[in-house]
Each structure stands twice: as C-alpha cells, then as structure tokens.
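Got your viewer open? Keep the selection box handy and follow along, one stop at a time.

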Amino acid sequence: MKIGIVCYPTFGGSGVLATELGIALSDKGYEVHFITYEQPVRLNQSFHPNIYFHEVKVPTYPLFDFPPYETALASAMVNVIVNQNLDILHLHYAIPHASAAYFARQILKKTGRDIPFITTLHGTDITLVGKDPTYEPVVTFSINESDAITAVSENLKAETFHSFKIEKEIHVIPNFVDIKRFFQADKDHFKQMLAPEGERILVHVSNFRSVKRVQDVIKVFDKVKQVVPAKLLMIGDGPDRQMAEDLARTLGLYNDVRFLGKQEQISEILSIADLFILPSETESFGLSALEGMACSVPLISTNAGGLPEINVDGETGFMSNVGDIESMSRNAIYILSDEDRLQNFKKAAINQARKFEKQHVIPRYERLYCEVIAAYKAGKAVAG
Ligand code: GMT
C-alpha cells in the first residue's frame with residue numbers, strides 16, 4: 001500500500017505523531033510519502049528506505065501578502081498522488097490539510113484518478129483555531145468530506161461533535177509511543193552535569209504557546225524548590241518563552257532553570273527527569289507527557305481535555321484544575337520528597353505508557369486504511 005501523509009513538519013505533537021506513524025508503517029513494508037513544506041523533524045534522525053519526502057514549495061510574489069500555501073499543497077497532493085500512484089492520503093491536523101485534500105480530489109476526479117482521504121484531528125484544529133468563525137465553515141465541510149475521521153482521544157471526539165456539525169462517525173485512535181526508543185536510558189553523566197548536588201529534575205516540553213501556560217510551570221517550580229532541591233529543564237520554543245524566562249529571572253530562579261530550546265534527542269533528556277509538568281489550559285492528549293511516561297517520568301498535569309485518559313490520578317502522577325498552582329506544587333512535592341514513593345510513581349508511569357505502545361495502535365490505522373480503500377472502491381462510507 002502506498003500512503004501519503006500530510007502534516008506540519010515542526011516540533012508540534014501532530015507532526016511528531018504523523019512522522020512516528022509514517023516511520024512505523026514504513027518499517028512494516030508500506031511505502032510512505034510525506035507531503036509538507038519541510039522535512040519533518042523526527043525524519044532527520046535516520047534513513048528509512050520506504051519513506052519519501054515531497055517538499056511543498058510556496059513561491060512568493062510581490063502581490064502576495066500571504067503566499068497561498070493551501071493552493072500549493074493541493075497542487076503538490078495532485079502531483080504526488082498521480083506520479084507515485086498513492087492508494088490513500090492521511091491528513092494530520094485539519095487546517096488546512098483537509099480542505100486542500102478536498103480541492104486536490106476535485107481536480108483528480110476530472111482525470112478519473114481519485115483516492116480516499118482520512119483526517120486525524122489532533123487538538124487545537126478543533127478546540128481553538130478550528131471553531132473560530134474565520135475557519136469554521138471550511139473546517140466543518142472538509143472534515144465531513146473526509147472518507148474517515150479519527151481523533152486522538154475520546155475527549156477530542158466529544159469536543160468535535162460538540163463544536164461542529166459532523167455527519168460521520170469519528171474513530172478514536174489514541175496516540176502511541178515507541179518504547180524501544182523512549183525508555184529510561186542510563187544518562188547519569190548528564191544528570192551529574194545538570195544537577196550536581198543530586199537535585200530532582202523537573203521537565204516541561206512544549207511549543208510554548210499560551211495554551212501550555214508555561215508561566216505556571218515556573219510558578220510550580222518556584223514552590224517545589226522551596227521544599228525539595230530541584231532543577232527545571234524547559235524544552236521547546238514559542239511565543240511565551242520570553243515571558244517564562246522573564247518570570248524565572250524575576251523570581252530569582254534563573255540559575256536553576258535551563259531553557260534549552262528546541263531539542264531533537266528528547267528521550268535522552270527525559271531519561272534524566274524525575275517529574276514532567278504539563279499545566280495546559282486544554283490538551284487533547286499530551287503526547288510529550290506520554291513519551292515522558294515511557295521514560296519513567298511521572299506527570300503533574302491539569303485535568304483538562306484528554307489528559308485524564310493518560311494520567312491516572314494518584315498513580316502515574318496527579319491532576320489539578322487549570323491554574324491551581326498550589327495543588328500542582330503540593331502534589332509535585334509529595335512525589336519528589338520520598339525516594340520509594342518516587343520510584344513507585346515511576347513504575348506506574350512506564351506501565352501506563354506500555355498500554356499506548358505503538359504495536360497496539362498501528363494495526364488500528366492499518367485496518368482503517370484497508371476498510372476505507374475497500375469502501376471507497378465499492379462506493380460506500382466506512383461504518384463506525
Ligand atoms: O492542536 C495543537 O495544538 C497542535 C498539536 C501540535 O501539533 O502540537 O498538538 C495536539 O496534538 C498532539 C498530538 O496528537 C496532542 O498530543 C496534543 O495534546 C494536542 N495539543 C493540544 O490539544 C493543545
């Protein structure tokens with residue numbers, strides 16, 4: 001089977017998940033074609049003979065204040081589908097991938113060379129951006145035009161039905177983790193460098209958008225550090241990084257907080273962490289936290305969105321209401337202040353991550369591809 005994958009190539013969770021899926025499918029012998037504007041970050045790490053990358057070029061022109069990416073993407077989809085003889089297109093994050101795919105299909109129908117497409121909803125394409133009236137009509141239409149729709153959590157499925165008039169079944173296929181790559185590796189030399197006095201290491205990984213509430217991470221750390229010797233690693237970059245850096249300096253924490261920026265070897269960093277902090281306003285799943293759990297890192301999170309589907313309160317970590325710094329700090333101190341307790345939380349975290357191992361999840365996408373292709377050939381919709 002030849003599968004086209006369209007995603008954002010950046011450090012964001014939807015692009016990461018799409019890339020991990022492509023890699024896993026190619027390892028199983030499928031031919032995978034990524035169609036996006038840059039090489040996806042996680043593809044850089046090794047060569048995969050079954051993976052092809054098609055760069056979407058968006059030429060500029062003095063008339064364009066906003067170069068038309070969606071048009072360039074739809075054209076690239078047409079070309080790749082025809083030249084590479086793809087069987088199916090899998091779109092990650094609805095905007096603008098689903099509408100570009102709809103456009104590409106209208107073009108292909110004229111030539112009699114049409115293929116089905118699946119849209120996977122990831123999060124803010126539904127919960128924030130997609131339901132904005134600026135985008136909503138196109139998002140609703142293009143999701144409904146998809147041959148199958150998947151969402152990464154039950155909560156995101158419910159949110160989608162709540163906010164949009166969706167006329168089809170939404171299949172929940174949770175995100176997954178490759179535990180052969182994400183595990184607690186022996187990186188004591190790093191730990192020694194970053195926490196020379198044996199301090200606990202807290203970590204936050206995100207793209208520092210306001211939805212992630214990165215300032216809450218700093219506030220929680222400030223309280224934890226007053227009780228438990230600790231260091232904080234802030235991984236990633238984005239619009240709120242400067243505010244977080246300013247807050248860390250104002251609170252006198254600058255020597256204990258390292259802003260490491262975008263990092264590719266996330267599993268090595270997670271290997272030395274004792275606690276992951278994810279205080280998001282909304283979070284459809286929390287893939288970075290699941291990767292943390294696979295590296296034996298317990299999770300302090302909010303109870304927003306799909307987080308209760310991965311974080312088991314009192315077992316793999318704790319959940320608090322959004323913005324409840326007191327509760328998050330108290331729970332973090334509880335976990336970190338006793339070595340045996342910390343080890344129990346670490347064990348529970350990895351046990352939970354195993355439930356989301358890629359081998360349990362990839363076959364669900366494979367089955368859906370087969371059903372969609374068969375139904376499409378027979379001219380039917382896929383049953384829920
Ligand atoms: O929806 C987004 O904010 C973008 C997306 C991304 O590319 O970072 O993140 C979402 O998709 C991830 C992968 O499925 C989920 O793990 C994240 O929870 C989700 N982010 C939000 O819901 C804020």
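Before you click on anything, one term: two residues are in contact here when heavy atoms of theirs lie within 4.5 Å. Also keep in mind that this is a predicted model.

**Stop 1: the two domains**

Select residues 2-176 together with 358-383 and give them one colour; that's domain 1. Then select 188-354, which is domain 2, and pick another colour. How many residues of domain 1 are in contact with domain 2? There are 23 of them, and they meet 18 residues on the domain 2 side. If you place a marker at the centre of each domain, using C-alpha atoms, the two markers sit 31 Å apart.

**Stop 2: the ligand and its shell**

Now show the ligand with the residues around it: you should get 17. The ones that come nearest are Gly13, Ser14, His122, Thr124 and Glu283. Keep your domain colours on, as both domains show up here: domain 1 and domain 2 each give at least three residues to the shell. Sorted by class, the shell holds eleven polar residues, four nonpolar ones and two charged ones.

Next, zoom in on the oxygen atoms of the ligand. Start with Thr124, where a backbone N or O atom lies 2.5 Å from a ligand oxygen. Move on to Asn175: a polar atom of its side chain is 2.8 Å from an oxygen of the ligand. Then try Arg209, which has a side-chain N or O atom 2.9 Å from a ligand oxygen. Switch on the surface too: on its own the ligand has 480 Å² of accessible area, and the protein covers 95% of that.

**Stop 3: Ser14**

Stay with one of those nearest residues, Ser14, and follow the backbone: you're in helix H1, residues 13-27. Is Ser14 buried or exposed? The cut-off for buried is under 20% relative accessible area, and Ser14 is buried because its value is 13%. Leave out neighbours within four places in sequence, and Ser14 is in contact with His92, Tyr93 and His122. For a sense of scale, draw a line from the C-alpha of Ser14 to that of Ala195: the two residues are 181 apart in sequence and 32 Å apart in space.

**Stop 4: helix H11 and what covers it**

Select residues 287-294, which make up helix H11. Seven of the eight residues here are buried, so the helix is mostly covered. The buried ones are Leu287, Ala289, Leu290, Glu291, Gly292, Met293 and Ala294. What covers them? Show H1 again, then add helix H10 (266-270), strands E11 (275-278) and E12 (299-302), and helix H13 (339-354); the cover includes these. Before you leave, look just past the end of H11 at Ser296, which has a positive phi of about 65°.

**Stop 5: Gln352 and Ser329**

From H11, hop over to helix H13 and pick Gln352. With a relative accessible area of 6%, Gln352 counts as buried. Its contacts, apart from residues up to four places away in sequence, are Met293, Glu309, Ile310, Val312 and Thr316. You've already met Met293 as one of the buried residues of H11.

Now go to helix H12, residues 325-336, and click on Ser329. Ser329 is buried as well, at 2% relative accessibility. Beyond its close sequence neighbours, up to four places away, Ser329 touches Val220, Lys223 and Val224.

**Stop 6: some odd backbone spots**

Most residues other than glycine have a negative phi, and most peptide bonds are trans. With that in mind, select the loop between strand E8 (200-205) and helix H8 (214-225), where you'll find Phe208. Phe208 isn't a glycine, yet its phi is positive, about 50°. Phe208 is also buried, with a relative accessible area of 0%.

In that loop between E8 and H8, find Arg213 too. Arg213 has a positive phi near 50° as well. What about its cover? Arg213 is partly exposed, at 25% relative accessibility.

For the last click, go to Pro96 in helix H3, residues 94-109. Is the peptide bond from Ile95 to Pro96 cis or trans? This bond is cis, and its omega is near -10°.

Key:
Residues are numbered from 1 along each chain as its sequence is written. This is a predicted model: local features need pLDDT of at least 70, side-chain atom pairs count only at pLDDT 80 or more; totals for chains, interfaces and linings use all residues. Side-chain values use heavy atoms; hydrogens and water are left out. A residue is near a molecule or strand if one of its heavy atoms lies within 4 Å of it. A polar contact is a pair of N or O atoms within 3.5 Å; within protein, one must be able to donate a hydrogen and the other to accept it, and residues adjacent in sequence count only if both atoms are side-chain atoms. Accessible areas come from the Shrake-Rupley method with a 1.4 Å probe; for residues, only the protein chains shown count as cover. Ala, Val, Leu, Ile, Met, Phe, Trp, Tyr, Cys and Pro count as nonpolar, Asp, Glu, Lys and Arg as charged, and the others, Gly among them, as polar. Domain bounds come from an automatic or database domain assignment. Helices (H or I, at least four residues) and strands (E, at least two) are DSSP runs, numbered from the N terminus. Buried means under 20% relative accessible area, exposed over 50%, partly exposed in between (1.4 Å probe, protein chains only).
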